[in-house]
Amino acid sequence: MANTSLPTKLQNSLPTAVKIIEVGPRDGLQNEPQTISAEVKIALVDRLSQAGFRNVEAASFVSPKWVPQMATSPEVMAGIQRRDGTLYSALVPNMKGFDAALAAGVDEVVIFAAASEAFSQKNINCSIAESIERFRDVAQAAKENKLRLRGALSCAFGCPYQGEVSGDSVADVVQRLRDLGCDEIDIADTIGVATPRHVQAIMQRAIAEFPIERLSGHFHDTYGQALANIYASLEVGITIYHASVAGLGGCPYAKGATGNIATEDVLYMMRGLGIETGIDFDKVVDAGQFISRHLGRPAVSRAGNAIAAKRIH
Ligand code: HMG
Ligand code: MG
């Protein structure tokens, strides 16, 4: 019989538990060209919270002229069934968005900056420095209202407009988000170009600036590297990951970028690695098949589709 035991060094190097943040209802659906009703979005969020996610990114209070699909966010937040133990998060670019998010009862607001000047201009119509100034008021209001504050850092591994992004830029914006009082910071590969050693190098720069247990990896899967990049991040000790059910999505300001890594694929890998997630895998597969039916196309999840096919035969 083959010896399948791993060298002790490797066995000890991976975390034993991780938090998965489900971003499908926001990052996933924001890029859908077809209008999706608030009713369907609500059903998706409820299915996901019932699967046991501790955090679901459910909405986005941005300009409806910029991202029309997210205009139903107040209805979505009003219609969901809150589950104890799940935090419901929403993107907020400015005070207008914050006020709407507060009125809608979100638990966590997400300010979103970029490590690339060009992307900052395209995505939120201002420079990185201007965005940080805008976020200062949002951060203060979040603290005053006892909301959790998360900071997303786009284009940490590459930019669709300017190409390369330096580790210095990442470290600089992580510092600025930290100084605003972010409880958690997401290191995002917006266009899915990173490969594992690059990920480890950039994560090390972020870890030098911010507590590792509050850093997350947000990997789009455009070049098929996201699962490998999550594994690489596990090796350096990152314990929070974003994923999108059925692999939904992309970013409207990053043309050609596909969705985040599919949640089903992440859960399948974590289960195989013996890493605890606290999430009901079958319910996530169901949620993925549910939204894919509504969108009229198969899920972009290898593991989700494999499990669904096995159920039929
Ligand atoms: P602007 O045009 O410079 O803003 O956009 P403005 O202040 O001049 O306002 C223009 C209009 O928008 C006004 O309306 C405002 O009232 C309205 P008008 O007077 O013309 O009728 N407006 C708003 N309406 C609702 N909610 C608001 C809001 N703010 C202004 N919060 C702005 C600047 C930031 C608003 C705009 O650029 C924007 O909304 N951008 C959002 C882009 C976006 O959502 N991108 C996708 C999310 S980021 C992402 O996906 C990356 C991530 O997943 C991580 C990764 O993968 O990298 C997080
Ligand atoms: Mg994203």
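Tutor: Let's begin with a term: a helix is a DSSP run of H or I with at least four residues, and a strand is a run of E with at least two. Do keep in mind that this is a predicted model.

Student: Why is Leu14 said to be in a loop?

Tutor: Leu14 falls between two such runs, α1 (8-13) and β1 (19-22), so it is placed in the loop between them.

Student: What makes Leu14 buried?

Tutor: Its relative accessible area is 15%, and the cut-off for buried is under 20%, so Leu14 qualifies. Leu14 touches Tyr231, Leu234, Glu235, Leu273 and Ile275, leaving aside residues up to four places away in sequence. One of these, Leu273, is 259 residues from Leu14 in sequence, yet their C-alpha atoms are 8.8 Å apart.

Student: What makes Asp27, His218 and His220 donors of the magnesium ion (ligand 2)?

Tutor: Their atoms, OD of Asp27 and NE2 of both His218 and His220, lie 2.1 to 2.3 Å from the ion. The limit for this metal is 2.8 Å, so these protein atoms count as donors. Along the chain, the donors follow the spacing D-x190-H-x1-H. Asp27 belongs to helix α2 (residues 24-28) and His220 to the loop between β7 (215-219) and α10 (226-235), so the pair ties together parts 193 residues apart in sequence.

Student: How do you know that Asp27 is buried?

Tutor: Asp27 has a relative accessible area of 2%, which is under 20% and therefore buried. His220 is also at 2% and counts as buried.

Student: How do you know that the span of helix α12 (residues 281-295) agrees with what it should be?

Tutor: The 15 residues should span 21 Å at 1.5 Å a residue, and the end C-alpha atoms are 21 Å apart, so the two values agree.

Student: What makes Asp280 a cap of α12?

Tutor: A side-chain oxygen of Asp280 lies 3.1 Å from the backbone nitrogen of Asp282, at the N-terminal end of α12. That is within 3.5 Å, so the pair counts as a polar contact. After α12 comes Gly296, with a positive phi near 75 degrees.

Student: Which elements do the buried residues of α12 pack against?

Tutor: They pack against α3 (38-50), α11 (263-273) and α13 (302-312). Among the buried residues are Phe281, Val284, Val285, Gly288 and Leu295. An α-helix has 3.6 residues a turn, so residues three or four places apart point the same way.

How values were computed
Residues are numbered from 1 along each chain as its sequence is written. Chains are lettered from A and ligands numbered from 1 in the order in which they are written. This is a predicted model: local features need pLDDT of at least 70, side-chain atom pairs count only at pLDDT 80 or more; totals for chains, interfaces and linings use all residues. Side-chain values use heavy atoms; hydrogens and water are left out. Donors are N, O and S atoms within 2.8 Å of the metal (3.2 Å for Na, K and Ca); water is not among the atoms, so sites may look incomplete. Buried means under 20% relative accessible area, exposed over 50%, partly exposed in between (1.4 Å probe, protein chains only). Contact means heavy atoms within 4.5 Å. The expected span of a helix is 1.5 Å times one less than its number of residues. A polar contact is a pair of N or O atoms within 3.5 Å; within protein, one must be able to donate a hydrogen and the other to accept it, and residues adjacent in sequence count only if both atoms are side-chain atoms.
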